[in-house]
Amino acid sequence: MKTTILLIFILGMNIKAMSQTGDIEKLKIEQLVEETFANAALNKLNTYEMTRGFHRDFAILIPQGNDLFRLSLNDWIEVVESYKNNPEKMKSGIRELDYIIDVLEVTGNTAVVKTQFFRNKKLIITDYLSYIKYPEGWKAVAKVSNEHIINPLQLTL
């Protein structure tokens, strides 16, 4: 009887510790999404932060008919830098968006994040980011999007 109670207690402590670890990983990812994606690629246009949160082989996957166009991290950074260096585009406020992290699921060393972006309270983009945990921390490895309006960031790729 004492052995059973002790086992239940130890199991409960392990489950609680694993749950807390999962919560810590979710907080790390949430902060990473905010700092290196939502605020870096969009609101603050900080390409240094983008390199911190995205794997060097990261790609945005964009369907084109039956094909798949891959926009690399370096090309995406060039798009952000081009926008940032264009006074007319900067005045437009196109990349100043409100956002929510709608889903954040972690399974072991992988995670998926669903973000929704709003302009003037209207949903314009839903993004899905895939993350892998490397020895140095979490890195986004891929992104797919659904644009709720045509070309919401007015990109030319």
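Modeller: A nonpolar core is a set of buried Ala, Val, Leu, Ile, Met, Phe, Trp, Tyr and Cys residues joined through side-chain atoms within 4.5 Å. Buried means under 20% relative accessible area, exposed over 50%, partly exposed in between (1.4 Å probe, protein chains only). This is a predicted model: local features need pLDDT of at least 70, side-chain atom pairs count only at pLDDT 80 or more, and totals for chains, interfaces and linings use all residues. Residues are numbered from 1 along each chain as its sequence is written, and side-chain values use heavy atoms, without hydrogens and water.

Colleague: Which residues touch the most other members of the largest nonpolar core?

Modeller: Met50, Phe54, Trp76 and Tyr131, out of 32 residues. Helix 1, strand 1, helix 3, strand 4 (110–119), strand 5 and strand 6 each give two or more residues to this core. Helix 1 gives the most, with eight. Helices (H or I, at least four residues) and strands (E, at least two) are DSSP runs, numbered from the N terminus.

Colleague: How many aromatic pairs are there, and what makes Phe54 and Phe58 a pair?

Modeller: There are seven. Rings of Phe, Tyr and Trp (its six-membered ring) pair if their centres lie within 6.5 Å; planes under 30 degrees apart count as stacked, over 60 as edge-to-face and the rest as tilted. Phe54 and Phe58 lie 4.7 Å centre to centre with 70 degrees between the planes, so they are an edge-to-face pair.

Colleague: Why is Phe58 with Trp76 called stacked?

Modeller: The planes are 25 degrees apart and the centres 5.5 Å apart, so the pair meets the stacked cut-off. Phe58 sits in strand 1 (residues 54–64) and Trp76 in helix 3 (residues 73–84), 18 residues apart, and the pair links distant parts of the chain. Phe58 and Trp76 are both buried. Ring pairs also join Phe37, Phe54, Phe58, Trp76, Tyr99 and Phe117 into a cluster.

Colleague: How do you know that Lys143 lies over the face of Trp76?

Modeller: A charge sits over a ring if NZ of Lys or CZ of Arg is within 6 Å of the ring centre and within 35 degrees of the ring normal. Lys143 is 5.9 Å from the ring centre of Trp76 and lies over its face, so it counts. Arg95 lies over the face of Tyr83, at 5.3 Å from the ring centre.

Colleague: Which elements give two or more residues to the lining of the largest pocket?

Modeller: Helix 1 (2–43), strand 1, helix 3, strand 5 (122–134) and strand 6 (137–147).
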